[in-house]
Amino acid sequence: MYYKGFEEHGWEGGNYMIDPEFWGLIAKRGKGSNADGPLWRVTYGDSATDLSEEEHLRRRAQAFKKLLPGHPDPSQYKVTQTNRFRIHNRCVDAMRVGRVFLAGDAAHVCNPFGGYGCMAAVLDVSGLADCLAGVYEGKAGDEILDAYARVRRQKFVDFIDRRSRKNMNRISKTDADTALETDPFLGLLKAMEGDGERTKEFLLVRPITLPPTVLAFSG
């Protein structure tokens, strides 16, 4: 969607929206813009279920008025594309069956609120490529392909799926008024706000010193 209000209200990057009725992730899409404003992606969930297409569109206007900065009416923004997605996390029983290998969304699906599906796909394909190259070059036997399927599926089940579900619960089932006190991750992000060096350390997965309050929240 294109909307001038994002720039007018100083929004940048990705923004998690915590709300029991409408929740989501609102993120800037590169440098695209036109007369209606910059191009952004609004991925949101709706607490209402089994909506008709007409009901969905009416609710979308209601959701955008609540979620977007400036609380605009439909005449103030332009939606260029919309897709409905049934949120679910699932994984196949096996990522290899004979000569068929699965990776990414073909093997497992995440909710769209954290980029976990994209991350998992990159790691799947990278691992599979290394395994196939090893077999082709005679450095490994066929068993390494079974190892790919077993290990990557286990990584999804034990780590990616759990974090993806937790991330969705963070924005759909958290009290926005107390989120910084009850959610250790959000408290950590708040503690790093405006500190470029600590943010860099966090993104590079280096140890950082947390304030006592955040340490207490982490249990």
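This passage walks through a predicted model of a protein, from its overall build to its cores, its largest pocket and a few individual residues.

The protein has 219 residues, and 33% of them count as buried. Its secondary structure comes to eight helices and nine strands. Measured out along the principal axes, the C-alpha trace spans about 60 × 50 × 35 Å. Many contacts bridge long stretches of sequence: among those between residues at least 6 apart, 55% join residues at least 24 apart.

A good place to start is the interior. The largest nonpolar core contains 15 residues, and those with the most contacts inside it are Met1, Phe6, Ile26, Val42, Tyr44, Phe64 and Leu68. Three elements each give two or more residues to this core, namely β3 (22–34), β4 (37–46) and α2 (53–67). Phenylalanine 64 shows how such a residue is surrounded: setting aside residues up to four places away in sequence, Phe64 touches Met1, Val42, Tyr44, Pro72, Tyr77 and Val79. A second core, separate from this one, has seven residues, among them Met95, Ala107, Leu128 and Ala149.

Attention turns next to open space. Rolling a probe the size of a water molecule over the atoms shows where empty space is left. In this model, the largest pocket holds about 1400 Å³ of space. Its lining is made up of 37 residues, with Thr43, Tyr44, Asn83, Arg84 and Phe85 lying nearest the centre. By class, the lining has 18 nonpolar, 11 polar and eight charged residues. At least two lining residues come from each of β3, β4, α2 and α3 (116–136). The largest share belongs to β4, which supplies eight residues. Strand β4 also gives residues to the largest nonpolar core. Tyr44 appears in both settings, as one of the core residues with the most contacts and as one of the lining residues nearest the centre of the pocket.

Charged side chains add another set of links, with a count of 14 salt bridges. Arginine 59 takes part in two that can be followed in the structure. In one, arginine 59 pairs with glutamate 21, and the closest N and O atoms are 3.5 Å apart. This pair links distant parts of the chain, since arginine 59 sits in helix α2 and glutamate 21 in the loop between β2 and β3, 38 residues apart. Arginine 59 counts as buried because its relative accessible area is 17%, under the 20% limit. Glutamate 21, at 23% relative accessibility, counts as partly exposed. In the other, the side chains of aspartate 46 and arginine 59 meet at 2.6 Å, N to O. Aspartate 46 lies in strand β4 and arginine 59 in helix α2, so this salt bridge ties together parts that are 13 residues apart in sequence. Both aspartate 46 and arginine 59 are buried. These residues belong to a network of salt bridges that links Asp19, Glu21, Asp46, Arg59 and Lys66.

Elsewhere, arginine 96 forms a salt bridge with aspartate 146, with the closest N and O atoms 3.0 Å apart. Arginine 96 lies in strand β7 (residues 96–97) and aspartate 146 in helix α4 (residues 143–172), so the pair joins parts of the chain that are 50 residues apart in sequence. Arginine 96 is buried at 18% relative accessibility, while aspartate 146 is partly exposed at 40%.

Several loop residues also deserve a look. Proline 20 is found in the loop between β2 (14–17) and β3. With 62% relative accessibility, proline 20 counts as exposed. Leaving aside neighbours within four places in sequence, proline 20 is in contact with Ser47 and Ser172. Proline 20 and isoleucine 171 are 151 residues apart in sequence, yet 8.1 Å apart in space, C-alpha to C-alpha.

Two further loop residues have a positive phi without being glycine. Aspartate 50 has a phi of about 55 degrees and is found in the loop between β4 and α2. At 74% relative accessibility, aspartate 50 counts as exposed. For histidine 71, phi is near 50 degrees. Histidine 71 is found in the loop between α2 and β5 (77–78), and its 49% relative accessibility makes it partly exposed.

How values were computed: Residues numbered from 1 in each chain as written. Predicted model: local features only at pLDDT ≥ 70, side-chain atom pairs only at ≥ 80, totals over all residues. Heavy atoms only, no water. Core = buried A, V, L, I, M, F, W, Y, C linked by side-chain atoms within 4.5 Å. Buried < 20%, exposed > 50% of the residue type's maximum accessible area, 1.4 Å probe, protein only. Helix = DSSP H or I, 4+ residues; strand = E, 2+ residues; numbered from the N terminus. Contact = heavy atoms within 4.5 Å. 1 Å grid on protein atoms, 1.4 Å probe; cavity = no way out; pocket = protein on both sides within 12 Å on 5 of 7 lines; lining within 4 Å. Points joined across faces, edges and corners; volume = space filled by probe spheres on them. Nonpolar A, V, L, I, M, F, W, Y, C, P; charged D, E, K, R; others polar. Salt bridge = Lys/Arg side-chain N within 4 Å of Asp/Glu carboxyl O.
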